[in-house]
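Good morning, colleagues. Please bring the sequence and the model up on your screens, and I shall take you through the fold element by element.

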Amino acid sequence: MKIVILGAGITGLAAGYKTRGTIYEAEGSPGGICRSYYDNGYRFEKGGGHWIFGADLEVMDFLMQFASFIPYKRNAGVYINKTFPYPIQKYFDIEEAVDVGTMQSWLRDRFGSAMCRLFFYPFNEKYTAGLYDKIAPQDAFKNPTRGEGYNDTFLYPELGLDSMIDTIARGIDIRYHKKAVSINPDEKMIYFDDGDSRRYEQLISTLPLNTMARLLNVKDKLPYTSTVVLNIGATPGRNFPREHWLYIPYCKSGFHRVGFYSNVHRSFAPPNRVGLYVEWAYTKNVPDFSYTFQELTDWGFIKKVERSSFNLTEVAYTWEHTNSNEAESLLSMISDCRIRQIGRYGQWHFQGIAESIREGLEC
């Protein structure tokens, strides 16, 4: 059977390993946003920090074939002129709310007006790029009323994410620089931007749900946000944090998170240097991050920037409109076309690396 897989991200790699199908990838390397790169002694990641949490025995058995891992207890915080432990809400008496209305109203009912003014409104306004008063509440496990949350422990490959990805990809048939531009499900044909085409018997797609709709010539109105990740290599400032990452509800530069690679593993930066990433969400225009270096310096996080680079992810966070079933309807339509959608973006909901791998292994 001619099994074709679209996308060589972590989900597609797991599916390729399991099915021995051929993967078609638009870029020139595997991994998607789960990939490291190097710059003058610093190791950065395309999509910011990608840590592996929630791995079950099947996923760990798969991963241990390709890498050794270091376990971590999450150390995160909320930065409001000083750092407060995350989840900040676990220090308050909060009553569980019914999940109704928009994300904004859900946050207010769940955490109360004071907590929303302090953290949840300003943070989620930036995290959703202003959509939080229009979209449905999603991913409740990311905002627990009690406990430590969903990612209180995580793993990272000892030799880096790039080493793990390249080792997995080594035994899989991947065709690079193959961007699909249309699909004819009746004839079971895929057409690529280089003029090539491929017939399939079984098609597995890890492409974003809105992208697959476009390939099938179906219109969609699915809301999503894009991200900019600015990677920075620098000398540490007087107040360089100890956390793995910080959530930022207030700042002049508009970012919502700062992560600290070198607090996860020293191999991310040369001796006496630090590696970090800063993340923005946006819907239309790429944010202006020209003031970011100065702001991080003013906070005492960094002293002197040595290297920097940025990466854009078009579909980074996926949402749905209030009282909408559009994602479910599109997934049903695609399934009727005998196409299997898998992965975080393929299914249009949040999940981590481990769950994405599990979906690939279930093909």
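Strand S5, residues 69-73, pairs with strand S8 in the antiparallel sense, and 5 bridges hold the two together. This is a predicted model, as is everything I describe today. Within the pair, Ile70 stands opposite Tyr156 of S8. Is S8 itself mostly covered or mostly exposed? S8 comprises residues 153-157, and 4 of its 5 residues are buried, so it counts as mostly covered.

Let me turn to the sheets. One open sheet has 7 strands with mixed pairing, in the order S7-S6-S15-S16-S17-S14-S18. At its edges are S7, residues 83-85, and S18, residues 302-318, each of which pairs on one side only. Direction ignored, neighbouring strands in this sheet are turned against each other by 25 degrees on average. Inside the sheet, S14, residues 224-236, and S17, residues 274-282, run antiparallel and are joined by 9 bridges. To locate that register on your screens, take Ile232, whose bridge partner in S17 is Leu276. As a general reminder for reading such strands, side chains in a regular strand alternate between the two faces of the sheet.

A further open sheet has 5 strands, and here the pairing is parallel, with the order S9-S2-S1-S13-S19. Its edge strands are S9, at 174-175, and S19, at 339-341; each pairs on one side only. S9 is joined in the parallel sense to S2, residues 22-24, over 2 bridges. In that pairing, Tyr24 has Arg175 of S9 as its bridge partner. Which helix lies across these strands? Helix H1, residues 10-19, lies across S1 (3-6), S2, S9 and S13 (202-205), and it runs at about 170 degrees to S1.

The next element is helix H3, residues 103-127. A straight helix of 25 residues would span 36 Å at 1.5 Å a residue, yet the end C-alpha atoms of H3 are separated by only 12 Å. Where is H3 kinked? The kink is centred on Gly112 and amounts to about 115 degrees. After H3 comes Ala129, with a positive phi near 55 degrees.

I should also like to single out one residue, Leu63, which lies in helix H2, residues 57-63. Its relative accessibility is 0%, and because buried means under 20%, Leu63 counts as buried. Setting aside residues up to four places away in sequence, Leu63 touches Ile52, Phe69, Met164 and Ile357. Phe268, by contrast, is 205 residues from Leu63 along the chain, and the C-alpha atoms of the two are separated by 21 Å.

Finally, the chain as a whole. There are 9 helices and 19 strands in the protein chain. Its radius of gyration is 21 Å, close to the 21 Å that the globule rule gives for 363 residues, and the chain is therefore as compact as a globular protein of that length. Taken along the principal axes, its C-alpha atoms fill a box of roughly 60 × 50 × 40 Å. How many of the 363 residues count as buried? The share is 57%. As for contacts between residues at least 6 apart in sequence, 72% join residues at least 24 apart.

That concludes my presentation; thank you for your attention.

Key
Residues are numbered from 1 along each chain as its sequence is written. This is a predicted model: local features need pLDDT of at least 70, side-chain atom pairs count only at pLDDT 80 or more; totals for chains, interfaces and linings use all residues. Side-chain values use heavy atoms; hydrogens and water are left out. Buried means under 20% relative accessible area, exposed over 50%, partly exposed in between (1.4 Å probe, protein chains only). Helices (H or I, at least four residues) and strands (E, at least two) are DSSP runs, numbered from the N terminus. Two strands pair if DSSP finds at least two bridges between them. Axes are lines fitted to C-alpha atoms, for helices over the stretch in contact, and angles run from 0 to 180 degrees between N-to-C directions. The expected span of a helix is 1.5 Å times one less than its number of residues. The bend at a residue is the angle between axes fitted to the seven residues ending there and the seven starting there. Contact means heavy atoms within 4.5 Å. The radius of gyration is taken over C-alpha atoms; the globule rule is 2.2 Å times the number of residues to the power 0.38.
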